[in-house]
Amino acid sequence: MTRTADALVAYLGWQRMGNIGDDAIYDAVRSQLPGATVLDLPRFPREKMYAAATGLNRSLRRSTQVLGGGTLIGRRHWRRLVTRSQALTRNNGSYAIGVGVEDPVFVGRRSGSSKGELKRWVPILSEFHTVSVRGPRSAELLSDVGLDVNVSGDPALLLPRPDVATEDGLIGLNLGFGDDLWGQDPAAVANQISSATEELVSRGHRFLGILMNRADRRWTEQALTGLNAQIVHPTDANAAAHELARCSLAIVSRLHAGILAALSDTPVISLEYQPKCRDFALSINDERSLIRTDTLTTTTIIDHVHHTLADTPHIKTTTHNAVTHLRQQLTNEYTTLAHQLGLDRP
């Protein structure tokens with residue numbers, strides 16, 4: 001197929017905000033649409049003014065809207081942005097591939113999911129050409145409001161699998177919580193992790209702190225105090241995946257730390273700070289990895305580490321197979337989108 005003269009994609013997400021997870025999705029989406037011009041839909045007043053003043057809005061009106069992954073659906077703020085973006089791109093179609101759905105059971109400080117918010121998304125999503133979701137819980141939530149969708153996995157799973165040798169005894173640690181967490185006490189979580197890391201070091205393990213956002217440094221440093229552990233802030237998602245692949249196990253809270261670890265089949269202990277962590281874990285058949293942040297203790301962390309290391313071969317096989325399946329699902333959906341855009345794909 002010959003590429004159309006002007007294949008424009010209007011992307012809506014949280015990219016370029018210093019969060020490796022959101023940038024991972026952005027990088028993955030662009031990699032699947034070679035030859036397309038990807039334009040960032042405006043999110044803030046200054047960006048909207050820039051779009052109007054520079055003529056960007058004219059290009060956006062000729063674009064196909066693509067929602068980035070991440071937990072967008074079911075949040076009031078994002079509904080308003082999607083509604084505005086859909087008005088700009090209405091004649092060209094909209095696609096949501098591998099998105100997350102905010103679980104209203106979690107009432108965070110800025111989740112914006114209360115008062116029947118998810119039902120307000122139904123007429124919006126009904127106009128999309130494609131809607132697929134990150135995990136089984138997201139699919140269940142949309143089914144409850146009358147939308148049947150497929151589970152395709154998080155788009156970041158389409159990034160390259162790192163080719164890195166695992167270092168025995170090295171445990172990766174990522175500790176960061178975004179806007180809120182179960183229990184609403186990040187200091188208590190960091191204290192419990194700190195006690196666990198101290199004990200695990202005494203048993204011969206080493207730690208590597210891996211930041212997904214600069215805000216993670218505070219909690220990661222607290223958890224590794226006195227251990228002489230290296231802390232790295234990777235430059236991008238591929239670099240983060242590389243660091244996680246070095247580890248024999250990773251203890252992570254940020255959703256995309258766990259997702260990037262899955263690219264190398266690295267076993268994880270997922271500190272479930274919000275329901276989205278469970279949504280992803282279920283998508284790769286890894287519910288055993290979860291410990292909610294309002295229930296974890298030093299003892300549960302240590303026990304989880306030992307059980308996970310003992311079961312590493314099985315976990316790696318299960319993770320690899322699940323990720324391979326989801327990568328194929330995502331590839332199929334982006335191939336369809338690329339075809340609609342008139343793009344050649346390798």
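Student: Is Trp78 buried or exposed in this structure?
Tutor: This is a predicted model, and the relative accessible area computed for Trp78 is 7%. A residue counts as buried when that area is under 20%, so with its 7% Trp78 is buried.

Student: Which kind of pair do the rings of Trp14 and Trp78 make?
Tutor: A pair of aromatic rings is described by the distance of the centres and the angle of the planes. For Trp14 and Trp78 the centres are 6.0 Å apart and the planes stand at 80°. Planes over 60 degrees apart count as edge-to-face, so the pair of Trp14 and Trp78 is edge-to-face.

Student: How many residues apart are Trp14 and Trp78 along the chain?
Tutor: Trp14 sits in the loop between β1 and α1, whereas Trp78 belongs to helix α4, which covers residues 76-89. The pair therefore links distant parts of the chain, and the separation between Trp14 and Trp78 is 64 residues.

Student: Which residue joins Trp14 and Trp78 in one aromatic cluster?
Tutor: Trp14 is partly exposed, with a relative accessible area of 29%, while Trp78 is buried at 7%. These two residues form one aromatic cluster together with a further aromatic residue, Phe44.

Student: Which kind of pair do Phe177 and Tyr273 form?
Tutor: Phe177 lies in the loop between β8 and α7, and Tyr273 lies in the loop between β12 and α11, 96 residues apart. Phe177 is buried, with a relative accessible area of 5%, and Tyr273 is buried as well, with a value of 3%. Their ring centres are 6.2 Å apart and their planes are at 75°, so the pair is edge-to-face.

Student: Which residue lies over the face of Trp182?
Tutor: Here the partner of the ring is a side chain whose distance is taken from the ring centre of Trp182, and that distance is 3.7 Å. The residue over the face of Trp182 is Arg292.

Student: Which parts of the chain does the salt bridge between Asp40 and Arg16 tie together, and how many residues apart are they?
Tutor: Side chains of opposite charge can pair when their charged atoms come close. In the salt bridge of Asp40 with Arg16, the closest N and O atoms are 2.7 Å apart. Asp40 is partly exposed at 23% relative accessibility, whereas Arg16 is exposed at 54%. Asp40 lies in strand β2 and Arg16 in the loop between β1 and α1, so the pair ties together parts whose separation in sequence is 24 residues.

Student: Are Arg134 and Asp279, which form a salt bridge, buried or exposed?
Tutor: The closest N and O atoms of Arg134 and Asp279 are 3.1 Å apart. Arg134 lies in the loop between β6 and α6 and Asp279 in helix α11, so the bridge ties together parts that are 145 residues apart in sequence. The relative accessibility is 0% for Arg134 and 2% for Asp279, so Arg134 counts as buried and Asp279 likewise counts as buried.

Student: Where in the chain are Arg161 and Asp265, whose side chains meet in a salt bridge?
Tutor: The N to O distance in this bridge is 3.6 Å. Arg161 is partly exposed, with a relative accessible area of 25%, while Asp265 is buried at 13%. The two are 104 residues apart, with Arg161 in the loop between β7 and β8 and Asp265 in the loop between α10 and β12.

Student: Which element gives the largest share of the largest nonpolar core?
Tutor: In soluble globular proteins, nonpolar side chains tend to be buried together. The largest nonpolar core here has 50 residues, and Leu33, Leu157, Leu159, Leu260 and Leu337 touch the most other members. Elements that give two or more residues to this core include β1, α1, β5 and α13. The largest share, eight residues, comes from α13.

Student: How many of the ten residues of helix α2 are buried?
Tutor: Helix α2 covers residues 45-54, and just after this helix Gly55 takes a positive phi of about 90°. Helix α2 lies largely in the open, because the number of its ten residues that are buried is one.

Methods: Residues numbered from 1 in each chain as written. Predicted model: local features only at pLDDT ≥ 70, side-chain atom pairs only at ≥ 80, totals over all residues. Heavy atoms only, no water. Buried < 20%, exposed > 50% of the residue type's maximum accessible area, 1.4 Å probe, protein only. Helix = DSSP H or I, 4+ residues; strand = E, 2+ residues; numbered from the N terminus. Core = buried A, V, L, I, M, F, W, Y, C linked by side-chain atoms within 4.5 Å. Phe/Tyr/Trp six-rings, centres within 6.5 Å; stacked < 30°, edge-to-face > 60°. Lys NZ or Arg CZ within 6 Å of the ring centre and 35° of its normal. Salt bridge = Lys/Arg side-chain N within 4 Å of Asp/Glu carboxyl O.
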